[in-house]
Amino acid sequence: MTNTLRTRVAIVGAGPAGLLLSHLLAASGIESVVIDSRTRDEIESTIRAGILEHGTVRVLDESGASDRVLTSGHRHDGIELRFEGEGHRIDFPSLTGRSVWLYPQHEVLKDLIAARLAGGQDLRFGVTAERIEDAETARPRVVASDADGTSLEIEADFVVGADGSRSIARAAVTGSSTGGYFREYPFAWFGILCEAPPSSEELIYSNSPNGFALISQRSATVQRMYFQCDPGADPHAPSEAELWDALQSRVPGTTLKEGRIFQRDVLRFRSFVAHELRRGRVALIGDAAHTVPPTGAKGMNLAIADVLLLEKALRALLEDGDERAIDAFPEKALRRIWKAQHFSWWMTSMLHVAPDASDFDRRRQVGELRSVVESEAGRTYLAEAYTGWPFED
Ligand SMILES: Cc1cc2nc3c(=O)[nH]c(=O)nc-3n(C[C@H](O)[C@H](O)[C@H](O)COP(=O)(O)OP(=O)(O)OC[C@H]3O[C@@H](n4cnc5c(N)ncnc54)[C@H](O)[C@@H]3O)c2cc1C
């Protein structure tokens, strides 16, 4: 049996991209249906991003998507770059007039899901999209099935693939699920969550001869930390003592506050941009369109920037039949996407130690870090990119 639904915009993926798009469309009176293969509980408990750009916070707050971001999130006015045993603070407000907020992605998702459901929106968990058909017609369709195997077809005026880095929607736009520009890295992040007080007030990005570490915070009692590891590392192999040694040896000059480690994972990362972002009446946004290594904290923020451009374009298309903004969407989105790709690659390559790094490479890397922290122009570039370039409007 196949159930058929009709809506204006069908959105595959209830991550930050899909949910915010649906929220903004509803505010303009445009109906949408959002489906996600995971359960609400899984979505609301997966730990991912933590740093929200200045503009992202403004959008979440002003659109009514999250009234908790400013009350429960923590404003951070800087980060520390640490190398050769010394910390160097990058002060965001004095360099750019902006700050970032530490507010976990799963809290953003809880806020967005609550807002969608309170608004009576059609949001379906446990529904998996299999493919998108008829992209180049006026009635594209999502072919999906629910957890019981019942088929569902969603016919829409426009379909949006917001289904993350393993997107199935990509095939309908680029012709293949892997069609894009791609770069892999010879290292990964070992991430832990631990019960401990914060080791520092702001994030520490540390370059050391043993590799990179990121010391970040979650709350007064829970901390998130990462260190550079081999992509094939087994997250369950090291003992807690070995994990603390690995972290401590990568932040020389700082004493970490240790505590029980209750979650551990290995995060492989890559850079990716899809060859196309739109075909006919199907578009890709967020991680489905591009993936960045997490070092620059850009992934979710870039997804939000895509949403703002696409929402405006869909309003013009669906309310006035004006195709100019949707035609311009890929080119406009790609300008920011490639800037964020560069920044994420740059932070990654400047801070991590490549497995085949020579003595020359190591010394050059310290020279690069010094050129950033000792020059106002260097610090300003980093602060502008980290806090987020202004959104178009
Ligand atoms: C450890 C880590 C740290 C990070 N730190 C930061 C940070 O500090 N700042 C930042 O901006 N970004 C960060 N990121 C990146 C950020 O988490 C992602 O860029 C963001 O989640 C992208 O949002 P999205 O909505 O595009 O995709 P996703 O969040 O991946 O959502 C996609 C959704 O689609 C669903 N889905 C997939 N396939 C299907 C299908 N076939 N049918 C139905 N549903 C489907 C999935 O279940 C998922 O819920 C980090 C990522 C990681 C892993």
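This passage walks through a predicted model, from its domains to its helix contacts, its ligand shell and a few single residues.

At the broadest level, the protein chain falls into two domains. Domain 1 is assembled from three stretches, 2–76, 99–182 and 271–349, whereas domain 2 is built from 184–270 and 354–387. Taken over C-alpha atoms, the centres of domain 1 and domain 2 are 29 Å apart. The two domains do touch: 19 residues of domain 1 are in contact with 14 residues of domain 2. On the domain 1 side of this contact, β8 (100–102), β18 (260–274) and α10 (324–351) are the elements that give two or more residues. That side of domain 1 has 10 nonpolar, 8 polar and 1 charged residues.

Helix α1 (residues 16–27) is a good place to begin a closer look. One of its partners is helix α9 (residues 299–320), which packs against α1 at an angle of about 35 degrees, with the two axes 9 Å apart. The crossing of α1 past α9 is right-handed. From α1, the residues P16, A17, L20, L21, L24 and L25 take part, and they meet M300, A303, I304, D306, V307, L310, E311 and L314 of α9. Sorted by class, this contact holds 12 nonpolar and 2 charged residues, with no polar ones. The spacing of such residues along a helix has a simple background: an α-helix has 3.6 residues a turn, so residues three or four places apart point the same way.

Helix α1 also meets α6 (105–118). Here the axes come within 10 Å and cross at roughly 35 degrees, and α1 passes α6 in a left-handed crossing. The residues involved are P16, L19, L20, S22 and H23 in α1, and Q105, V108, L109, L112, I113, A115 and R116 in α6. This contact divides into 8 nonpolar, 3 polar and 1 charged residues.

S22, a residue of helix α1, deserves a moment of its own. Is S22 buried or exposed? S22 counts as buried because it has 29 C-beta neighbours inside 10 Å, and 20 or more are needed for that label. Leaving aside neighbours within four places in sequence, S22 is in contact with I11, S32, V34, R116 and Q121. By contrast, G191 is 169 residues from S22 in sequence and 31 Å from S22 in space, C-alpha to C-alpha.

Attention now turns to the ligand. Around it are 34 residues, of which G13, G15, G164, G286 and G299 come nearest. Elements that each supply at least two residues of this shell are α1, β3 (32–36), β10 (127–133) and α9. Which element gives the most to the shell? That is α9, with 4 residues. By class, the shell has 16 nonpolar, 12 polar and 6 charged residues.

Helix α3 (residues 54–62) offers another view of the interior. Within α3, the residues H54, T56, V57, V59 and L60 are buried. Their cover includes β4 (51–52), α4 (69–72), β8, α6, α9 and α12 (376–387). Just after α3, G64 takes a positive phi of about 80 degrees.

Positive phi values also turn up in residues other than glycine, including E84, with phi near 50 degrees, and A297, with phi near 55 degrees. Their settings can be set side by side. E84 is found in the loop between β6 (78–83) and β7 (86–91), and A297 in the loop between β21 (290–291) and α9. E84 counts as exposed because it has 12 C-beta neighbours inside 10 Å, while A297 is buried because 26 other C-beta atoms lie within 10 Å.

A last residue to visit is G161, in strand β13 (residues 158–161). With 31 C-beta neighbours inside 10 Å, G161 counts as buried. Not counting residues up to four places away in sequence, G161 touches V12, S167, A169, R170, V173, V282, L284 and A288. As for E392, 231 residues separate it from G161 in sequence, and the two are 22 Å apart in space, C-alpha to C-alpha.

Definitions and conventions
Residues numbered from 1 in each chain as written. Predicted model: local features only at pLDDT ≥ 70, side-chain atom pairs only at ≥ 80, totals over all residues. Axes fitted to C-alpha atoms, helices over the stretch in contact; angles between N-to-C directions. Left-handed = near helix turned anticlockwise from the far one by under 90°. Contact = placed C-beta atoms within 7 Å. Nonpolar A, V, L, I, M, F, W, Y, C, P; charged D, E, K, R; others polar. Near = placed C-beta within 6 Å. Domains from an automatic or database assignment.
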